[in-house]
Amino acid sequence: MNFALLENVQALLDYNQVPKSLDARTKYLADECGVPTKSITPFLLGEQNLPNGEVRKIADKFEVDLKWLVGKS
């Protein structure tokens, strides 16, 4: 599990004032980034990583560097 990625996604959601509930954050990422909820929920719970293509969608939506998002810079 890439906890740097999880931490950075949570920080982006906080910055965008997305409520902290799992349901609200799952819905936001699904609606705004096009990430399937079946991938988001286990990711937000710290149970599994997102597929690379889904990580790219999040980076694109928030206009952040992919390397930063995954904790490699």
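Note on helix packing and selected residues

1. Trp-68 is partly exposed, with a relative accessible area of 33%. The structure discussed here is a predicted model. Trp-68 belongs to helix α5, which covers residues 66-69. Setting aside residues up to four places away in sequence, Trp-68 touches Asn-8, Leu-12 and Ser-73. Trp-68 also has a long-range relation to Leu-5: 63 residues separate the two in sequence, while the C-alpha to C-alpha distance is 8.5 Å.

2. The α1/α2 pair comes next. Helix α1 spans residues 3-15, and its axis comes within 12 Å of that of α2, with a crossing angle of roughly 90 degrees. An angle of 65 to 115 degrees counts as roughly perpendicular, and α1 and α2 are therefore roughly perpendicular to each other. On the α1 side the contact is made by Val-9, Gln-10, Leu-13 and Asp-14, and on the α2 side by Arg-25, Tyr-28 and Leu-29. Sorted by class, this contact of α1 with α2 has four nonpolar, one polar and two charged residues.

3. Helices α2 (residues 22-33) and α3 (residues 37-44) pack with their axes 9 Å apart and at an angle of about 135 degrees. That angle makes α2 oblique to α3. The crossing of α2 and α3 is right-handed. From α2, Leu-22, Arg-25, Thr-26, Leu-29 and Ala-30 take part, and they meet Thr-37, Ile-40, Thr-41 and Leu-44 of α3. The classes in the contact of α2 with α3 are five nonpolar, three polar and one charged residues.

4. What does Leu-29 contact, leaving aside its neighbours within four places in sequence? The partners of Leu-29 are Val-9, Leu-13, Gly-34, Val-35, Ile-40, Leu-44, Ile-58 and Phe-62. Leu-29 is listed in the contact of α2 with α1 and again in the contact of α2 with α3.

5. The largest nonpolar core has 20 residues, and those touching the most other members are Leu-5, Val-9, Leu-29, Phe-43, Ile-58, Phe-62 and Leu-69. At least two residues of this core come from each of α1, α2, α3 and α4, the last of these being residues 52-62. Helix α1 supplies the largest share of this core, five residues. Leu-5, one of the core residues named here, is also the residue 8.5 Å from Trp-68, C-alpha to C-alpha.

6. Which residues of α3 are buried? They are Ser-39, Ile-40, Pro-42, Phe-43 and Leu-44. The buried residues of α3 pack against α1 and α2. Among them, Ile-40 and Leu-44 appear in the contact with α2, and Phe-43 is one of the core residues that touch the most other members. Just after α3, Gly-46 has a positive phi of about 75 degrees.

7. Ser-39 deserves a separate entry. Ser-39 lies in helix α3. The relative accessible area of Ser-39 is 9%, under the 20% limit, so Ser-39 is buried. Apart from neighbours within four places in sequence, Ser-39 is in contact with Leu-50 and Pro-51.

8. Is Glu-54 buried or exposed? Glu-54, which is found in helix α4, is buried, with a relative accessible area of 13%. Not counting residues up to four places away in sequence, Glu-54 touches Gly-34, Val-35 and Pro-36. Gly-34 and Val-35 are also among the contacts of Leu-29.

9. Two loop residues other than glycine have a positive phi. Gln-17 is not a glycine, yet its phi is positive, at about 55 degrees. Gln-17 sits in the loop between α1 and α2 and is exposed, with a relative accessible area of 70%. Glu-63, likewise a residue other than glycine, has a positive phi near 55 degrees. Glu-63 lies in the loop between α4 and α5. The relative accessibility of Glu-63 is 73%, and the residue counts as exposed.

Conventions. Residues are numbered from 1 along each chain as its sequence is written. This is a predicted model: local features need pLDDT of at least 70, side-chain atom pairs count only at pLDDT 80 or more; totals for chains, interfaces and linings use all residues. Side-chain values use heavy atoms; hydrogens and water are left out. Axes are lines fitted to C-alpha atoms, for helices over the stretch in contact, and angles run from 0 to 180 degrees between N-to-C directions. Helices (H or I, at least four residues) and strands (E, at least two) are DSSP runs, numbered from the N terminus. Angles under 35 degrees count as roughly parallel, over 145 as roughly antiparallel, 65 to 115 as roughly perpendicular and the rest as oblique. A crossing is left-handed if the near helix is turned anticlockwise from the far one by less than a right angle, and right-handed if clockwise. Contact means heavy atoms within 4.5 Å. Ala, Val, Leu, Ile, Met, Phe, Trp, Tyr, Cys and Pro count as nonpolar, Asp, Glu, Lys and Arg as charged, and the others, Gly among them, as polar. Buried means under 20% relative accessible area, exposed over 50%, partly exposed in between (1.4 Å probe, protein chains only). A nonpolar core is a set of buried Ala, Val, Leu, Ile, Met, Phe, Trp, Tyr and Cys residues joined through side-chain atoms within 4.5 Å.
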